[in-house]
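Reader: Please take a close look at how the charged side chains are placed in a single part of this predicted model, and then follow the connections outward from there.

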Amino acid sequence: TDVRVFRLDRIASAVAEPTVFDVPTDFNLDTIVRDGHIFSGELPDDELVVRYAPRIARWITEREQCVVEHDGSVIVHWPLADDDWAVRHVLQYGMDAQVLEPARIRDQVRARLASLLQRTTDSGAAIR
């Protein structure tokens with residue numbers, strides 16, 4: 001039996017079933033929740049480091065443990081287990097997120113943006 005983690009804000013409905021789950025005797029929540037983040041398996045060795053602009057720093061500090069820099073920005077260190085997640089995460093913040101480390105994620109963000117721009121150009125859509 002594997003542990004499954006679900007975000008409560010994404011559950012539309014639930015039904016109580018008569019079956020009962022027996023928690024394994026060797027279960028330890030600390031192996032799943034580390035530094036306020038949820039992981040299964042080993043904590044990745046790689047780390048994503050992102051600087052968030054002062055414009056959104058307040059919202060980032062509400063969710064993450066980070067220090068506000070002298071310019072009002074914040075830098076967050078994320079365990080990096082999935083490059084695709086890292087690229088999607090950074091792109092959701094647009095110009096307000098800058099990948100500091102690792103360089104490969106920065107390169108992947110550039111490549112994804114170039115691909116989107118090329119698709120837009122190829123489709124004849126106006127770029128504004």
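Author: Arg110 is exposed, its relative accessible area being 51% (buried is under 20%, exposed over 50% and partly exposed in between, with a 1.4 Å probe and protein chains only). Its partner is Asp107, with which Arg110 forms a salt bridge whose closest N and O atoms are 3.2 Å apart (a side-chain nitrogen of Lys or Arg within 4 Å of a carboxyl oxygen of Asp or Glu). Asp107 is partly exposed, at a relative accessible area of 44%. Because the two residues stand three positions apart in helix α3, about one helical turn separates Asp107 from Arg110 (helices are DSSP runs of H or I with at least four residues, strands runs of E with at least two, numbered from the N terminus).

Beyond this pair, Asp46, Asp83 and Arg104 are joined into one network by salt bridges that share partners. The model is predicted, so local features need pLDDT of at least 70 and side-chain atom pairs count only at pLDDT 80 or more, while totals for chains, interfaces and linings use all residues. Residues are numbered from 1 along each chain as its sequence is written, and side-chain values use heavy atoms, with hydrogens and water left out.

Within that network, the side chains of Arg104 and Asp83 meet in a salt bridge at 2.8 Å, N to O. This contact ties distant parts of the chain together, since Arg104 belongs to helix α3 (residues 103-122) and Asp83 to helix α2, 21 residues apart. Arg104 counts as partly exposed at 34% relative accessibility, and Asp83 is likewise partly exposed, at 22%.

Four salt bridges are present in the structure, and one of them joins the side chains of Asp96 and Arg55, with 2.4 Å from N to O. Here too the pair links distant parts of the chain, Asp96 lying in the loop between α2 and β5 and Arg55 in helix α1, 41 residues apart. The two partners sit in contrasting surroundings: Asp96 is buried, with a relative accessible area of 10%, whereas Arg55 is exposed, with 62%.

Helix α1 (residues 54-63) deserves a look in its own right, for Ile56, Ala57 and Ile60 are buried in it. Because these residues cover an arc of only 130° around the axis, they lie on the same side of α1 (the arc is that of the directions from the helix axis to the C-beta atoms). Arg58 and Glu62, by contrast, are exposed on the other side of α1.

The loop that carries Asp96 also takes part in an aromatic contact through Tyr93. A search of the whole structure finds two aromatic pairs (ring centres within 6.5 Å, taking the six-membered ring for Trp, with Phe and Tyr also counted; planes under 30 degrees apart are stacked, over 60 edge-to-face, the rest tilted). In one of them, Tyr52 and Tyr93 have ring centres 5.4 Å apart and planes at 80°, so the pair is edge-to-face. Tyr52 comes from strand β3 (residues 47-52) and Tyr93 from the loop between α2 (83-92) and β5 (97-101), 41 residues apart. Tyr52 is buried, with a relative accessible area of 0%. In the pair of Trp78 and Trp85, the ring centres are 5.7 Å apart and the planes meet at 65°, so this contact is edge-to-face too. Trp78 is buried, at 9% relative accessible area, while Trp85 is partly exposed, at 28%.
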